[in-house]
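Colleague: I am new to this structure and would like a close look at a single part of the model. Please pick one strand, describe how it sits among its neighbours, and then work outwards from there.

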Amino acid sequence: MTDGWNWRQPDGTARPGNPGPPTPPTVGPATPGSTVDPGSSPWWSDALRDPWRNPATPVAVVVQATPASGTGAEPEPVTDPDTGRGGLTRVFLVSLVTALLAGALGGSLGYAFAVRGGVTGTTALGSTAGEPPVTARRPPDSLAGVAARLLPSVVTVRVSGNGGIGLGSGFVVTQDGYVITNDHVVGVGTDTATVVFNDGSTAPAEVVGKDPEADIAVIKVSRTGLKPVEFGDSDGVAVGDPVLAFGTPLSLANTVTAGIISALDRTFRQGETGGQVRYYAAIQTDAAVNRGNSGGPLVDGGGRVIGVNSVIQTPAADEETAGNVGLAFAIPINQAKRLAQEIIDTGRARRTVIGASVGGTRSGASGGVRISAVEPSGPAAAAGLRAGDVLLRLDGKPLEEPSDLIALVRKYAPGSVVNVEYRRGSERQAASVTLAADAK
């Protein structure tokens with residue numbers, strides 16, 4: 001019987017699929033004509049004594065003998081489910097360690113890139129940068145390009161003597177060490193100076209010569225292979241042109257300021273009676289210039305030197321409190337270069353004169369300066385000018401003060417021909433004057 005199969009063996013001697021010791025086969029009642037295959041019977045040997053068996057059921061019980069060992073009929077081995085767990089554990093541990101290392105490495109690289117890019121958080125600031133503007137690319141003709149090109153040629157000049165210390169600026173004009181600066185920078189009574197270059201190195205220098213009235217001096221540095229500046233044409237500049245001023249204002253070396261040309265041929269006299277008097281026909285600029293800028297170069301937009309920074313206008317009562325108010329003045333480079341060349345070649349600079357003396361004050365409300373005396377055979381006399389004539393213009397530039405005439409004449413080189421407008425009595429006249437060098 002199959003639907004009421006009892007897997008429990010009452011006497012505990014055998015179980016299905018695991019027969020006990022061999023016993024003689026027992027054959028019970030069978031249905032006439034039936035044949036039972038001993039090897040396929042599911043019954044165990046004492047099935048006929050099973051108290052739960054239905055006695056009326058016709059059965060044939062065949063007990064199969066236990067096969068001999070080695071016949072290939074041993075019970076099918078059962079695999080222990082825990083077998084191989086050690087291998088899986090090792091695979092799991094290796095995968096876990098690999099994942100942790102990969103995560104740590106990725107996090108470290110991400111943090112490093114974030115720090116390098118200036119971002120350490122998750123919030124992105126700003127938008128994606130596009131192509132930088134032209135001014136940020138700093139081409140050679142940009143202000144930054146000009147500054148980078150000029151700074152190696154600009155120096156700081158330090159002079160000690162007569163109980164004082166002079167501090168100013170200068171610029172290299174030859175490879176073998178000639179430097180242009182202001183007379184008032186080196187005019188403390190000594191013939192030696194110290195030059196500090198853009199890279200911080202220093203070198204001794206000696207004063208070659210100077211022109212106190214024009215405020216120009218030349219010193220020679222004990223060094224070769226220097227980078228000289230490129231000269232421009234100060235007669236070709238115009239009001240509104242962009243300029244850069246270089247120097248050491250207030251002891252701040254390698255300083256660059258920017259501005260424009262505010263005026264040309266700004267004439268004035270500086271100095272007191274009994275002291276050194278200087279005359280300027282200057283380039284006026286609004287570039288920030290302060291104490292210490294003196295002697296430094298004023299350059300145009302192409303990096304060519306067009307002037308020597310020399311004077312500032314300030315409402316301060318003394319030099320110690322003087323500061324920039326947007327009014328600075330530079331000696332035109334055409335004048336400074338000529339004087340420097342003469343100093344290098346001969347040790348002194350020639351002064352340009354017109355051969356006439358002018359009065360100490362302006363001539364009336366109509367302007368102009370009155371000639372008080374004319375030197376015989378001098379330039380003014382050769383042009384027909386006489387004492388008492390009132391000079392109104394020199395090369396188209398108005399004359400209002402006697403210092404205007406002196407400053408403008410000193411701007412030109414000896415031998416230059418200038419046009420002079422003058423008034424004699426009530427008549428306005430003009431003359432061409434060939435300027436000359438003084439006899440000193």
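Modeller: The part to look at is strand β11, residues 305-312, in what is a predicted model. Eight of the eight residues of β11 are buried, so the strand is largely enclosed by the rest of the structure. Buried here stands for a relative accessible area under 20%. For the protein chain, which has 440 residues, the share that counts as buried is 37%.

The partners of β11 come next. One of them is strand β10, residues 297-300, which runs antiparallel to β11 and is joined to it by three bridges. Within this pairing, Leu298 has Gly307 of β11 as its bridge partner. β10 and β11 form a hairpin with four residues between the strands, and Gly303 in that hairpin has a positive phi near 85°.

Another partner of β11 is strand β12, residues 328-332; the two run antiparallel and share five bridges. Gly307 appears again here, with Pro332 of β12 as its bridge partner. Val311 also has a counterpart in β12, standing opposite Phe329. Strands of a sheet pair through backbone hydrogen bonds, in either a parallel or an antiparallel sense.

These pairings belong to a closed barrel. Its six strands run in the order β7-β8-β9-β12-β11-β10, and the pairing is antiparallel. On average, neighbouring strands of this sheet are turned by 50° against each other, direction ignored. Helix α6 packs on this sheet, where it touches β8 and β9 (278-285), and its direction makes about 80° with that of β9. Helix α2 lies across β7, β8 and β10, and runs at about 35° to β7. Between β7 (242-247) and β8 (255-270) there is a loop that holds Leu250. The phi of Leu250 is near 55°, a positive value in a residue other than glycine.

Helix α6 can be treated in the way β11 was. It spans residues 402-411, and nine of its 10 residues are buried, so α6 is largely enclosed by the rest of the structure. Among the buried residues of α6 are Pro402, Leu405, Leu408 and Val409, and the charged residues Asp404, Arg410 and Lys411 are buried as well.

Arg410 leads on to a cavity. Searching the whole structure for cavities of 30 Å³ or more gives one. The space in the largest cavity is about 50 Å³. Its lining includes Arg410 along with Asp211, Glu213, Ala214, Gln335, Arg338, Leu339, Arg350, Arg351 and Thr352. Sorted by class, six of the lining residues are charged, two are polar and two are nonpolar. Helix α4 gives the most to this lining, with three residues.

The structure has another barrel, again of six strands. This one closes in the order β1-β2-β3-β6-β5-β4, with antiparallel pairing. Its neighbouring strands are turned by 40° against each other on average, direction ignored. Helix α4, residues 333-346, packs on this sheet and touches β2, β3 (178-181), β5 (202-211) and β6 (216-221). The direction of α4 makes about 55° with that of β6. Within the barrel, strand β1 (residues 154-161) pairs with strand β2 (residues 164-172) in the antiparallel sense over eight bridges. Thr156 has Ser169 of β2 as its bridge partner in this pairing.

Two residues in loops remain to be placed. Asp395 sits in the loop between β16 (390-394) and β17 (397-398). Its phi is positive, about 55°, although Asp395 is not a glycine. With a relative accessible area of 32%, Asp395 is partly exposed. Arg137 is found in the loop between α1 (85-116) and α2 (143-150). At 47% relative accessibility, Arg137 also counts as partly exposed. Apart from its neighbours within four places in sequence, Arg137 is in contact with Glu131 and Pro132.

As for the whole chain, it has six helices and 20 strands. Among its contacts with a separation of 6 or more, 59% are between residues 24 or more positions apart. To return to the part chosen at the start, β11 is a strand with eight of its eight residues buried, joined to β10 by three bridges and to β12 by five.

Notes. Residues are numbered from 1 along each chain as its sequence is written. This is a predicted model: local features need pLDDT of at least 70, side-chain atom pairs count only at pLDDT 80 or more; totals for chains, interfaces and linings use all residues. Side-chain values use heavy atoms; hydrogens and water are left out. Two strands pair if DSSP finds at least two bridges between them. Axes are lines fitted to C-alpha atoms, for helices over the stretch in contact, and angles run from 0 to 180 degrees between N-to-C directions. Contact means heavy atoms within 4.5 Å. Buried means under 20% relative accessible area, exposed over 50%, partly exposed in between (1.4 Å probe, protein chains only). On a 1 Å grid over the protein atoms alone, a cavity is a set of points where a 1.4 Å probe fits but cannot get out, and a pocket is an open set with protein on both sides within 12 Å along at least five of seven lines; lining residues have an atom within 4 Å of a point. Grid points are joined across faces, edges and corners, and a volume is the space filled by probe spheres set on the points.
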